[in-house]
Structure formats: C-alpha cells, structure tokens
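User: I am new to reading protein models and would like a close look at one place where two helices pack together. Please describe that contact with care, and then connect it to the parts around it.

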Amino acid sequence: MSRFLVRRLLLLAPVLMGVSVIVFLVLHLAPGDPAEIMLGSQATQEDRLRLRADLGLDDPLHVQYGRWLGHVARGDLGRSLWMRRPVLGEVLVRLKATLILTGTALVLSSIGGVALGILSATRPNSWLDRTSAVASLFGASMPVFWLGIVLMVVFSLTLGWLPASGMYAPYGGGDVEDLLRHLVLPALTLAAASVTIVSRLTRSAMLEVLGQDYIRTARAKGLVERRIVVRHALKNALVPIVTVIGVQAGYLLGGAVLTETVFAWPGVGTLMVQGILARDIPLVQGCVLVVALTFVLVNLFVDLLYAWLDPRIRYE
Amino acid sequence: MSDVVLGTRAVADAPVVARGAGHSTRRAMSRNLLATAALAALLLTLVLALAAPWLPLADPDAVDTPARLRPPLTPGSPLGTDEFGRDLLSRLVWGARVSLLAGFGTAGLAMLIGVTLGILGGYYSGWIETTVMRLTDILMAFPYILLAIAIVAGLGPGLRNAMIAIAIVGFPLYTRLVRSVVLSVREREFVEAARALGSPDFVILGRHIVPHLLSPVIVAFSLDVGAKILATAGLSFLGLGTQPPTADWGSMLATGRQFVVLRPHVVLLPGLAIFVIVLALNLVGDAVRDLLDPRTAS
C-alpha cells in the first residue's frame with residue numbers, strides 16, 4: 001500500500017505543476033493593467049510605471065511565474081487588492097464554510113443515493129425504481145440555482161421553517177444548532193442532482209452483482225436477504241460507487257459556487273465571484289488555487305480508497 | 001434432481017420472460033413517445049427563437065417602469081413583466097436564442113477542439129500523445145465550473161468569453177472519448193492495409209478512422225448540449241455571462257430573484273424554460289444514443 005501511495009504522490013507532481021501554470025497564465029494574461037487597477041484611474045503614468053517595476057510586472061513571464069510559485073510554496077498568495085488583506089487567511093476562512101457545505105451535501109448524496117440505489121436494485125421496475133429514474137432525469141436537467149431559489153421561497157419565505165441565507169443568524173446565533181438550521185437548504189440544493197446520479201449508478205452496479213453466481217449460492221444456502229445485499233453484493237459493488245462519489249465530490253466543490261451565491265453562504269465561491277467583479281486578480285488566483293488543490297487531494301483520497309477496497313488495484 | 005430444478009425454473013420463467021418482453025416493449029414505446037414529445041418541444045423552441053425578430057412580440061429591452069412586475073395574464077403581457085416593466089414573453093423568446101446559441105455553440109466548439117486533439121493524441125504516439133493527454137489530465141484536475149469561472153475572470157465577463165471558457169473546460173470529454181476509439185481502430189487490419197498501400201496519414205484518418213468516430217461523437221454531443229446550456233446559464237446567473245440588457249434565461253433568474261416574494265413568476269418562468277429545454281435535450285440525447293449505440297440502450 002505504501003508503494004502505491006508513493007507512486008500516486010509522484011504522479012501528482014506534474015498535475016500540480018500544470019494546475020499552477022494554468023492558474024498563473026489565465027489570470028496574468030488577462031486584459032487590463034494590474035497597476036492601474038491598484039492605483040485607480042487618477043494615478044499618473046509615472047506612478048503606474050513605478051508600481052509595475054516594484055511588482056515585477058515588466059519581467060519576462062517565466063520569471064514572474066517562478067517568483068509567484070516561490071511565494072505560493074511559502075504560503076504567500078499575495079494581498080487582496082479589494083480587501084487589502086493577505087489572500088491566504090481570507091481564503092482559508094472561506095474554505096472552511098465551503099467544506100462544511102460540500103461535505104454535508106456529499107454525505108447526504110452518498111447516504112441517500114446508495115440507499116435509494118439499493119432499494120431500486122432489489123425492487124427493479126417498482127414504483128420506487130421508476131420514480132428514481134424520472135428524478136435522475138429531472139436532476140440532470142434542473143438548474144441548481146433555480147432549485148435553490150424555489151426551496152428558499154417555499155421553506156423560508158412562505159412557510160418560515162428555515163433561514164433563507166447566511167451561515168449564522170446575525171443576532172444571537174453562532175452555535176451548532178444555528179449552523180445546522182442554516183445548512184439544511186443549501187446542502188439539500190447542492191446534493192439534489194448528486195443523489196440521483198449516485199442512486200442510478202448504485203442501482204446498476206448492484207443489479208450486476210446481484211446477478212452473479214455467488215449471490216445465487218448465498219441465497220441457496222438460505223442466507224437472510226438483508227445479509228446477502230449488504231455483506232455480499234454491496235461490498236463487491238463498492239468500487240464503481242466510490243468512483244462516482246469521488247467524481248461527485250469534485251462536482252459539489254465546483255457547484256458550490258452557485259449554491260453559495262443563492263444562499264449568500266460565505267464560502268470560497270462567493271468570495272471568488274466578488275473578486276472577479278472587483279477585478280481582484282490575487283484573490284481570484286488564491287481561490288482557484290486553493291479549491292483546485294482541495295480537489296486534487298480529494299481525488300487522491302478516492303484513489304487510495306479504491307486501493308484499500310480492491311487489492312488488485314494496488315498491485316497493478 | 002438438478003433436471004427437475006432446471007425444468008421447474010424453465011417453466012416458472014416462461015411467463016416472466018413473456019411479461020418481461022411485453023414490459024420492455026411498452027417501456028420502449030413510452031420512451032419513443034417521450035423522445036418524440038421532447039423533439040417537438042425542442043423544434044418549437046428552435047423555430048420560435050429563430051423567428052423572434054418577425055414575431056409580433058414587444059421589444060425585449062423596452063423599459064416601461066409604470067408597468068413593472070405585472071402578473072401573468074395581464075392584457076398585453078401574457079406572461080407578465082419584469083422589474084423594469086419589460087415583457088417577459090418577449091424576453092423568454094429572445095432569451096431562447098441566447099441559450100440555444102450558447103448550448104450548441106459551446107458544445108460544438110468543445111467537440112471541435114476535443115475531436116481534433118483526440119485524433120492527434122490517439123493516432124500519433126510519442127510527444128503529441130503525451131502533450132495532449134497531460135493537457136486533458138491537468139484540465140480535469142479542476143472542478144468543471146471553477147475553471148470556467150477562472151477563465152472568464154481572465155478574459156472578462158460576457159457571453160462570448162463564457163462560451164469560450166465552457167468550451168475549454170468541456171473539450172477533454174471529447175478528447176478522451178475520441179482517443180480511445182482511435183487507439184482501437186488504428187490497430188485494425190484495414191488501417192494497416194491502407195498504410196501498407198502507402199496512403200498518407202490524412203487519407204487514413206479521413207477515410208478509415210473518422211467514420212468510426214461519428215456515432216460516439218454524435219451521441220456525446222447530443223447529451224452534452226443540455227449540460228452546456230446549464231453551465232452558460234450558471235455563469236450568467238453569477239453575472240459573468242450575458243450582460244444586461246440582453247435577454248438571457250440565466251441573468252433573468254439572477255435579477256428576478258430580488259423580487260421573488262412579490263412576484264414569483266419573474267424567477268419561476270426563466271427557470272422553467274431552462275429546465276424544459278435541457279430536459280428535452282437530454283431526452284432527445286438519450287434517444288439518439290439508443291438509436292446509434294444499442295449496446296448502451298437503457
């Protein structure tokens with residue numbers, strides 16, 4: 001397992017390098033002079049040229065990239081032009097909120113999706129199976145931001161059961177119960193599409209395994225159906241299920257941007273959109289880099305999980 | 001004993017098989033019916049979108065503040081008006097042009113880039129293959145929408161840039177698909193024979209390999225257009241796609257949500273429009289897949 005881990009970590013290096021090059025290039029080739037954005041339109045040409053020289057913006061691109069990478073390696077993502085604070089601290093605070101939202105949505109979609117998938121596979125063509133098929137089609141076609149607004153209108157603004165926006169109540173909140181109440185609608189919105197995808201994949205993986213000879217043998221031995229489904233079938237269907245859950249983790253991390261905007265959830269997504277609209281390049285760069293790194297680490301974790309679940313993978 | 005068991009199973013299975021066949025036929029018929037309805041909805045939207053300039057509709061950008069937030073079925077505004085008094089029916093029809101252009105345009109661009117790179121990466125081994133595959137690996141190391149947002153941040157907000165961004169993050173899907181097909185086809189005897197006869201690469205690719213790509217690429221494209229409409233609408237919702245006053249379903253949703261309590265229709269209608277058109281595209285995509293690739297038919 002340790003050899004597999006080392007091999008997998010070595011493969012990570014070129015991907016991380018590529019991610020850093022893309023983040024650097026995309027935002028450094030952007031039209032507009034960062035010095036002009038920092039100084040405002042009132043600044044003189046002389047001030048602008050001096051700031052460009054101070055920031056090293058006149059250096060060749062590869063020199064700028066090397067310097068930027070050196071700073072990133074030391075944990076220095078620069079200062080936000082808009083908030084005038086170090087980017088890393090701000091992004092990490094927001095990342096915590098994004099991870100709470102994404103993690104909750106992932107737990108909901110994994111538990112809900114796997115449970116629904118097992119029920120559909122054990123009762124093929126039942127009303128539950130058919131409803132789940134329709135829901136999966138709807139889930140793939142529904143804009144997540146629209147679903148969020150509809151849920152907000154129904155459960156917050158009309159019925160008044162749950163708060164409509166934010167992570168904590170502005171007054172008197174701040175405890176876990178307050179957080180959970182604020183989390184329900186954004187997490188459900190974000191998980192809605194994923195739950196249908198996980199359930200359909202679980203269904204097909206389970207149907208394939210349930211048709212195997214050893215399942216028939218287990219039934220012939222007189223094992224209880226629940227034990228056959230959970231111990232014999234689910235365990236062997238887990239690799240494709242973990243794959244799709246891993247893919248969903250990445251999808252949720254990216255999709256959180258839209259959900260955060262609908263519910264004013266103070267995560268990296270809203271920070272990044274605010275940064276773009278304020279043309280705050282270091283802030284946007286920091287957000288993209290931190291989320292991409294999180295995504296790469298999630299993928300690494302999923303790969304390790306495969307190797308743990310299926311020994312054949314680590315000996316390949 | 002086993003014969004008895006097998007015999008019993010065979011007899012017991014007979015009506016199940018017959019029922020299963022009838023059931024699957026009914027399912028196939030209902031799926032066809034659904035796909036036909038979806039195709040009709042899609043064609044209707046396409047015709048309406050193309051004919052928008054000649055339809056008797058109000059100017060989609062004409063502001064009429066006294067008539068703001070009128071409910072549906074108001075005389076002169078069958079679907080009501082938005083927060084600036086602009087006619088919602090007209091904006092939805094004009095918005096369909098933007099959404100369909102965004103969906104087909106971005107999926108088409110992603111397909112063009114992806115197929116070209118997939119052919120190159122699959123046919124030529126060595127540095128071309130390595131470069132193409134590492135590029136797709138790196139692009140796939142980002143969450144999809146996040147990278148699109150980063151590219152828009154670089155290029156600047158606007159529909160054209162949003163479409164370019166979504167096409168860039170979307171092409172690796174086609175590259176991987178096409179490369180896998182090319183890798184298997186290039187080893188087949190007829191390709192070897194063409195090579196032995198001295199055919200140049202472009203002839204082998206054009207005459208012998210590309211025809212094998214048509215079916216999987218058409219299936220992927222037909223299933224991709226809806227996803228691209230959702231992605232572009234998402235960027236417009238964030239204020240990074242279509243800019244005001246152009247009518248676009250995503251930005252209509254974004255501006256309308258401030259008035260959702262007062263007049264839910266300003267949000268419900270554009271959202272429903274996106275949902276229906278993407279649902280129709282997905283159903284048609286499923287039907288195209290069943291038609292062209294019966295092995296994966298669900």
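Analyst: In this predicted model, helix 7 of chain A, which covers residues 144–158, packs with helix 10 of chain A, which covers residues 225–263, at an angle of about 30°, and their axes are 9 Å apart. Two packed helices are described by just this pair of quantities, the angle between their axes and the distance between the axes. Angles under 35 degrees count as roughly parallel, and helix 7 of chain A and helix 10 of chain A are therefore roughly parallel to each other. The crossing of helix 7 of chain A and helix 10 of chain A is right-handed.

On the side of helix 7 of chain A, the contact is made by A:V144, A:F145, A:G148, A:I149 and A:M152, while helix 10 of chain A contributes A:G255, A:L258, A:T259, A:V262 and A:F263. Sorted by character, the residues of this contact comprise seven nonpolar and three polar ones, with no charged residue among them.

From this contact we can turn to the nonpolar interior. The largest nonpolar core has 152 residues, and those with the most contacts inside it are A:V284, A:C287, B:A148, B:I149 and B:A150. Helix 10 of chain A supplies the largest share of this core, namely 17 residues. One of the residues with the most contacts in the core, B:A150, touches A:V23, A:V26, A:V284 and A:V288, when residues up to four places away in sequence are not counted.

Some backbone details in the loops of chain B also deserve a careful look. Most residues other than glycine have a negative phi, and most peptide bonds are trans. In the loop between helix 1 (2–51) and helix 2 (88–123) of chain B we find B:L69, whose phi is near 50°, a positive value in a residue other than glycine. B:L69 counts as partly exposed because it has 16 C-beta neighbours inside 10 Å. B:L73 also lies in the loop between helix 1 and helix 2 of chain B, and its phi is near 70°, again a positive value in a residue other than glycine. With 10 other C-beta atoms within 10 Å, B:L73 is exposed, because a residue counts as exposed if it has 12 or fewer.

Finally, a cis peptide bond, with omega about 5°, joins B:P244 and B:P245. B:P245 has its place in the loop between helix 7 (201–237) and helix 8 (249–256) of chain B.

Methods. Residues numbered from 1 in each chain as written. Chains lettered and ligands numbered in written order. Predicted model: local features only at pLDDT ≥ 70, side-chain atom pairs only at ≥ 80, totals over all residues. Axes fitted to C-alpha atoms, helices over the stretch in contact; angles between N-to-C directions. Helix = DSSP H or I, 4+ residues; strand = E, 2+ residues; numbered from the N terminus. Parallel < 35°, antiparallel > 145°, perpendicular 65-115°, else oblique. Left-handed = near helix turned anticlockwise from the far one by under 90°. Contact = placed C-beta atoms within 7 Å. Nonpolar A, V, L, I, M, F, W, Y, C, P; charged D, E, K, R; others polar. Core = buried A, V, L, I, M, F, W, Y, C linked by C-beta atoms within 7 Å. Buried ≥ 20, exposed ≤ 12 C-beta atoms within 10 Å, placed from the backbone.
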